[in-house]
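User: I would like a close look at a single strand of this protein and at the parts of the fold around it. Please treat the matter in one connected account.

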Amino acid sequence: TKQDITDFAVKQMENFYTYLPIKYPNLKMAVLFNSEDWGGRKFKLADNFQMLDAYVKGINSSERYISHSEDTAGDEYYYELHNNFTIPAGVVELCSYISSPISDYDYVIYTIAGVDTPTYVAPYTAMFDLTPYAGQTLDVRVRAFGGGALRAEDTFKIKIK
């Protein structure tokens with residue numbers, strides 16, 4: 001349609017680098033091509049300042065992205081939450097990956113032990129101290145909102161050891 005979709009593309013680039021280490025923690029390399037023109041469509045990041053800026057911010061957004069050969073990736077690791085998942089008592093960080101072709105979520109609310117914790121920036125991380133719940137099984141309710149409406153929801157039982 002020859003319409004400018006820069007805003008959409010920037011959001012996709014931001015989501016790509018935000019969720020890449022979460023969904024694929026063992027990934028060693030991602031390659032983006034920078035082509036002048038292919039089939040009548042332009043794919044040159046360097047021609048669009050907003051896209052180039054999103055790319056640079058993305059690759060600098062995490063220690064997991066190695067920019068120099070002597071660097072090492074961060075030691076964090078993500079696990080997919082599922083029912084009856086066992087988590088050690090202590091402080092944990094939860095984040096949400098919401099599978100959607102257009103991620104226009106405004107915020108996510110986690111509910112643990114009856115306490116709501118909202119978070120407003122992807123990957124919607126929130127810290128929780130689970131120490132007081134050692135030996136218990138808790139429900140973790142995750143609700144994603146966009147455009148003033150509930151868009152996605154799930155609940156998981158977690159075991160605190």
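Which residues of strand β7 (residues 126–129) lie on its covered face, and which on the uncovered one?

Analyst: The model discussed here is a predicted one. In strand β7, Ala126 and Phe128 make up the covered face, while Met127 and Asp129 belong to the uncovered face. In a regular strand, side chains point alternately to one face of the sheet and to the other.

The partner of this strand may be considered next. Strand β7 pairs with strand β4 (residues 91–94) in the antiparallel sense, and four bridges join the two. Within this pairing, Ala126 of β7 has Leu94 opposite it. Ala126 is also one of the two residues on the covered face of β7.

The other residue of the covered face, Phe128, has contacts well beyond its own strand in sequence. Leaving aside residues up to four places away in sequence, Phe128 touches Gly90, Val91, Val92, Leu94, Tyr110, Ile112 and Thr117. Of these, Val91, Val92 and Leu94 fall within the residue range of β4, which is 91–94. Tyr110 and Ile112 fall within that of β5, residues 107–112. Thr117 falls within that of β6, residues 115–119.

Phe128 is also a member of the largest nonpolar core, which has 23 residues. Together with Ile87, Tyr110, Leu130 and Ile158, Phe128 is among the residues that touch the most other members of this core. At least two residues of the core come from each of α1, β3, β4, β5, β7, β8 (137–146) and β9 (149–160). The largest share, four residues, is supplied by β8. A further core of six residues lies apart from this one, and its members include Val10, Met13, Met51 and Ala54.

Several of the strands that contribute to the largest core also belong to an open sheet. This sheet has five strands in the order β3-β9-β8-β5-β6, and its pairing is mixed. Its edges are formed by β3 (85–87) and β6 (115–119), each of which pairs on one side only. From one strand to the next, the twist averages 30 degrees. At the β6 edge, strand β5 (residues 107–112) pairs with β6 in the antiparallel sense over five bridges. There, Val108 stands opposite Thr119 of β6.

The loop between β3 and β4 leads from that sheet to the partner of β7, and Pro88 is found in this loop. Pro88 has a relative accessible area of 47% and is therefore partly exposed, a class that lies between 20% and 50%. Apart from residues up to four places away in sequence, Pro88 touches Ile160 and Lys161. The C-alpha atoms of Pro88 and Thr131 are 8.3 Å apart in space, although the two residues are 43 apart in sequence.

Helix α1 (residues 6–23) is another contributor to the largest core, and Asn15 lies in this helix. Asn15 has a relative accessible area of 10%, so this residue is buried, the cut-off being under 20%. Its C-alpha atom is separated by 7.7 Å from that of Ala122, a residue 107 positions away along the chain.

Aromatic residues are the next topic, and the count of aromatic pairs comes to six. One of them is formed by Phe16 and Tyr17, which meet edge-to-face at 4.9 Å centre to centre with 85 degrees between the planes. Phe16 is partly exposed at 31% relative accessibility, whereas Tyr17 is buried at 6%. Tyr17 also forms an edge-to-face pair with Tyr55, at 6.2 Å centre to centre and 70 degrees between the planes. This pair links distant parts of the chain, since Tyr17 is in helix α1 and Tyr55 is in helix α2 (residues 49–59), 38 residues apart. Tyr55 counts as partly exposed, with 26% relative accessibility. Phe16, Tyr17 and Tyr55 form one aromatic cluster.

The chain as a whole completes the setting of β7. It has two helices and nine strands, which run α-β-β-α-β-β-β-β-β-β-β from the N terminus on. Of its 161 residues, 30% count as buried. Among contacts with a separation of 6 or more, 57% are between residues 24 or more positions apart. The chain exposes about 11000 Å², of which carbon and sulfur atoms supply 53%.

Conventions:
Residues numbered from 1 in each chain as written. Predicted model: local features only at pLDDT ≥ 70, side-chain atom pairs only at ≥ 80, totals over all residues. Heavy atoms only, no water. Buried < 20%, exposed > 50% of the residue type's maximum accessible area, 1.4 Å probe, protein only. Pairing = 2+ DSSP bridges. Axes fitted to C-alpha atoms, helices over the stretch in contact; angles between N-to-C directions. Contact = heavy atoms within 4.5 Å. Areas by Shrake-Rupley, 256 points an atom, 1.4 Å probe, with all protein chains shown as cover. Phe/Tyr/Trp six-rings, centres within 6.5 Å; stacked < 30°, edge-to-face > 60°. Core = buried A, V, L, I, M, F, W, Y, C linked by side-chain atoms within 4.5 Å.
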